[in-house]
Amino acid sequence: LNRHYFALPTNPGEQFFMFCTLAAWLITKAGHPFEQPQEYDDPNAVISNVLSEVRSFGRPVDFPPSKLKAGCGEQVCYVLDCLAEEALKYTGFSWKRPAYPTEELEEEEITEDDAELTLSKLEEDVVEEESDNEENFLDLDVLKAQTYRSDMSDTAKQEEILQSTTDAAEWNLEVERVLPQLKVTVRTDNKDWRIHVDQMHQHKDGIESSLNETRGYLDKLHNEISKTLEKINSREKYINNQLEHLVQEYRSAQALLSEAKDKYQEGSGGVTERIKVLSEITEVLERVKQETEEKGSSMTDGAPLVKIKQALTKLKQETVQMDIQIGVMEHTLLQSKLKEKSNMTRDMHAATIPEDIVGVY
């Protein structure tokens, strides 16, 4: 298994079976006997058994068991990590100090400096083994040694040379002829620390020279700025002294303005209250006007008088009818009284019947 086998999903079935097998093996290594799961076992039962073993080790399980069915992910790695730690604790595994191998010190190779002399063209009699098209590199130390040996061998000869017999014109012609072939180019390596040091010294000298040049300008600018600030301060003091009475007047005017604003606010508050009272009074006045208009219209209108007259005539008719009805009722009452009286007299006469008539009955 590679180290990322349980991190990324590749084959869920294979990864889940491998996870279950590896978890069972780690649980067994940790001292808890655990039956190896088979390929066709119930995955829920296997997961519940594994999680119960993890909880028995005192490890928290704060995720649902369904997270382990995929066979990969953070939860799977967490379970395997916990089981592996418990297995290492049970077997008594401990880390040992690393044993470093002894390394033999290799002799440092002296690298030759790349700052070599490149001669574009040399005479054929000086360098015979190199071709004319190649650039020739000569070591400065070798040249120094050769020149030193030639100087030592020629010291005796130089003592004998007291006067030159060479023509100056021929010498100059020879120099002009050989001069293109004596051009020396030095190959530099940007990685060499000596070059960096030289560059640092050059930059330092440039910074110091530019600093010396700019320091004078900066000092002059500083002096000008300080003088200007002093002038500004003096002018400010002079202006303050000259305009002090105006400032006092301005302050007094500001105080008066604040007082006037306060009074205005108080007056505006009273005005608003009076406006409310005025609005109420106008409403009452409108109501009274409306009532007076209604009364005036009713007084000038003759329709009520006509109605009163009609009502009076109607009342008279009703009184006449009532009088008639009362007369009729009195007549009927009188007839009824007369009738009762006649009946009573008849009864009275009927009460005086002879006894012999009574006896017959």
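Q: Let's start small: is Cys82 buried or exposed?

A: Buried means under 20% relative accessible area, exposed means over 50%, and partly exposed is what lies in between (1.4 Å probe, protein chains only). Cys82 is buried, because its relative accessible area is 2%. One caveat up front: this is a predicted model, where local features need pLDDT of at least 70 and side-chain atom pairs count only at pLDDT 80 or more, while totals for chains, interfaces and linings use all residues. Residues are numbered from 1 along each chain as its sequence is written, and side-chain values use heavy atoms, with hydrogens and water left out.

Q: How many disulfides are there?

A: A disulfide is a covalent bond between the sulfur atoms of two cysteines. The test here is a pair of cysteine sulfur atoms within 2.5 Å, and the count by that rule is zero. Take Cys77: the nearest cysteine sulfur belongs to Cys72 and sits 8.3 Å away. Cys77 counts as partly exposed because its relative accessible area is 34%.

Q: How many aromatic pairs does the structure hold?

A: A pair of aromatic rings is described by the distance of the centres and the angle of the planes. Rings of Phe, Tyr and Trp (its six-membered ring) pair if their centres lie within 6.5 Å; planes under 30 degrees apart are stacked, over 60 edge-to-face, and the rest tilted. The structure holds two such pairs. Tyr5 and Phe6 make an edge-to-face pair, 5.0 Å centre to centre with 90 degrees between the planes. Tyr5 has 14% relative accessibility, so it counts as buried, and Phe6, at 10%, is buried too.

Q: And why is the pair of Phe63 and Tyr78 edge-to-face?

A: Because the planes of Phe63 and Tyr78 stand at 85 degrees, with the ring centres 6.3 Å apart. This pair links distant parts of the chain, 15 residues apart: Phe63 is in the loop between helix 2 (43–56) and helix 3 (74–91), and Tyr78 is in helix 3. Helices here are DSSP runs (H or I, at least four residues), numbered from the N terminus. Phe63 is buried at 12% relative accessibility, whereas Tyr78 is partly exposed at 28%.

Q: Which residues have the most contacts inside the largest nonpolar core?

A: A nonpolar core is a set of buried Ala, Val, Leu, Ile, Met, Phe, Trp, Tyr and Cys residues joined through side-chain atoms within 4.5 Å. The largest one has 25 residues, and those with the most contacts inside it are Phe19, Val50, Leu51, Leu68, Val79, Leu80 and Leu83. Helix 1 (12–29), helix 2 and helix 3 each supply at least two of its residues. Helix 1 gives the largest share, seven residues.
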